[in-house]
Structure formats: structure tokens, C-alpha cells
Amino acid sequence: MTGKIRRRLARVVFIGPILVLALAACSTGGFSALGGDNKKPDTLFAPGVNQRAEAVDGIEVGHRLIAAGQYELALKSFNRAALDHGLTGEILSALGSANLGLGRLGQAETLLRRAVEKDAAGPEVWNNLGVVLMESGQTAEAEQIFRKAYALDNGESDAIRDNLRLALAKTEKSVITEVNEDNYKLVRRGSGDYLIRPTP
């Protein structure tokens, strides 16, 4: 009896995995999901979307895109953010900065002038308007705007201070300081600033 039982168990152990493989191959999923004769090999499946995950703020995404030089994508991101937040001073300033990066000085100036009209416009908004005015050749007004930004900031931002220094040097036609117009820096609300080099 013991020998018969052992032989039967050995057959079950040997046949069991073969049956499992055969059933898997016959099922609708089968091996086809891993690639086969009638399927594309190495098919990749995209992961599902986590509906509970917190979305990244469009304003932050837009600032990152500007820093990377992707101005068109930044405009789209800021426009989407405007649907959620409205046309705040920050978004108007960001849209102006993106337009400056694309060399659209007229649109950038219009947006930034609207931004500074908002209540409690921060020094970074005034600074960015000054940058646009410098780029469009309105040096005298740009100098005054930089002075306002510097005063609002209490001289804490290196970027605003440098912009004011460059504007003063250009206004006074200083022989000591060689002014490069591309060195003006845009400042974003919060931490960080970035250099915009408009397209010709």
C-alpha cells in the first residue's frame, strides 16, 4: 500500500504543474499578455492613474518650465492655473514673464502693468516690469520701477539690487560698468529667480 500511494503522489506532483500551465495558456489572458506569435512582443502596460494623488500646482509647474526655457508650455500651465486661481497678480506676472521669454515685449508689458495694479503687488512683480521696460528700451521708466521694487524689498533681493545697478549704469552711461542687457533677472514670488534671454 505504501508503494502504491507513493507512486500516485509522484504522478500528481508531476502532472499538477503541467495542468496549471496548460490552463493558463488556454485562458483569455494566457501567455498573450507577455507576447506571442499573434501579439506584439514585449508589450508594456501603462500604470493606472492615482485619482487620490494631489496634483502639482500649475503655477509651480509653469515656473519650472520658465526656468527650463519652455516658455510656450509655461504659458499653457499658467493659463490652466488661472482657471483655478483667477487672474491674480502672481499669475499675471508669470504670464508676462513667459511672454518676455518668447520675445513678445508688448504682451509682456501689458500683463505686468496689470499685475502691478493688483492690490499689494510684491517687489518681484515691479522688478519683472522693470526688466520688460529695459528690454523694450524704456530705460528711464525702468530705472524708476527698479527703485520702487528695491524699496518694497528693503534691499533684500540680490537680483533686484543687481537689476537696479545695471539700470543705473545704463542710464548714466558709466564707463566703469559694461552693461549687458541680457543680464537682467526676473524674480518669482517666494524663493528663486531666473534669467530670461528673449528670442530675437
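**Paired helices along the chain**

Helices α4 and α5 are roughly antiparallel to each other, a term used for angles over 145 degrees, while angles under 35 count as roughly parallel, 65 to 115 as roughly perpendicular and the rest as oblique. The model is a predicted one, in which local features need pLDDT of at least 70 and side-chain atom pairs count only at pLDDT 80 or more, while totals for chains, interfaces and linings use all residues. Residues are numbered from 1 along each chain as its sequence is written, and side-chain values use heavy atoms, with hydrogens and water left out.

Helix α4 covers residues 89-101 and helix α5 residues 105-117, and the two pack at an angle of about 165° with their axes 8 Å apart. Here a helix is a DSSP run of H or I with at least four residues, a strand is a run of E with at least two, and both are numbered from the N terminus; axes are lines fitted to C-alpha atoms, for helices over the stretch in contact, and angles run from 0 to 180 degrees between N-to-C directions. The crossing of α4 past α5 is left-handed, meaning that the near helix is turned anticlockwise from the far one by less than a right angle. Among the residues that make the contact (heavy atoms within 4.5 Å) are Leu-92 and Leu-95 of α4 and Leu-111 and Leu-112 of α5. By type, the contact of α4 with α5 holds eight nonpolar residues, five polar and one charged.

Earlier in the chain, helix α2 (residues 58-67) packs against helix α3 (residues 71-85) at about 165°, with axes 8 Å apart, and α2 and α3 are therefore roughly antiparallel. Again the crossing, of α2 past α3, is left-handed. Residues including Ile-59, Val-61 and Leu-65 in α2 meet residues including Leu-73, Phe-78 and Ala-81 in α3, and this contact divides into nine nonpolar residues, five polar and no charged.

Further along, helix α7 (residues 139-153) and helix α8 (residues 158-172) pack at about 150°, their axes lying 9 Å apart, and they are therefore roughly antiparallel as well. Their contact involves, among others, Phe-146 and Tyr-150 of α7 together with Leu-164 and Leu-168 of α8, and its residues comprise seven nonpolar, three polar and five charged. The UniProt record, in an unreviewed entry, places a feature "repeat: TPR" at residues 123-156, a stretch that is 82% helix and 0% strand, with its end C-alpha atoms 10 Å apart.

A search of the whole structure finds seven salt bridges, each a side-chain nitrogen of Lys or Arg within 4 Å of a carboxyl oxygen of Asp or Glu. One of them joins Glu-141 to Arg-113, with the closest N and O atoms 3.0 Å apart. Because Glu-141 lies in helix α7 and Arg-113 in helix α5, this pair ties together parts that are 28 residues apart in sequence.

Definitions and conventions
Nonpolar A, V, L, I, M, F, W, Y, C, P; charged D, E, K, R; others polar. UniProt positions renumbered as here; feature names shortened; annotations may be inferred.
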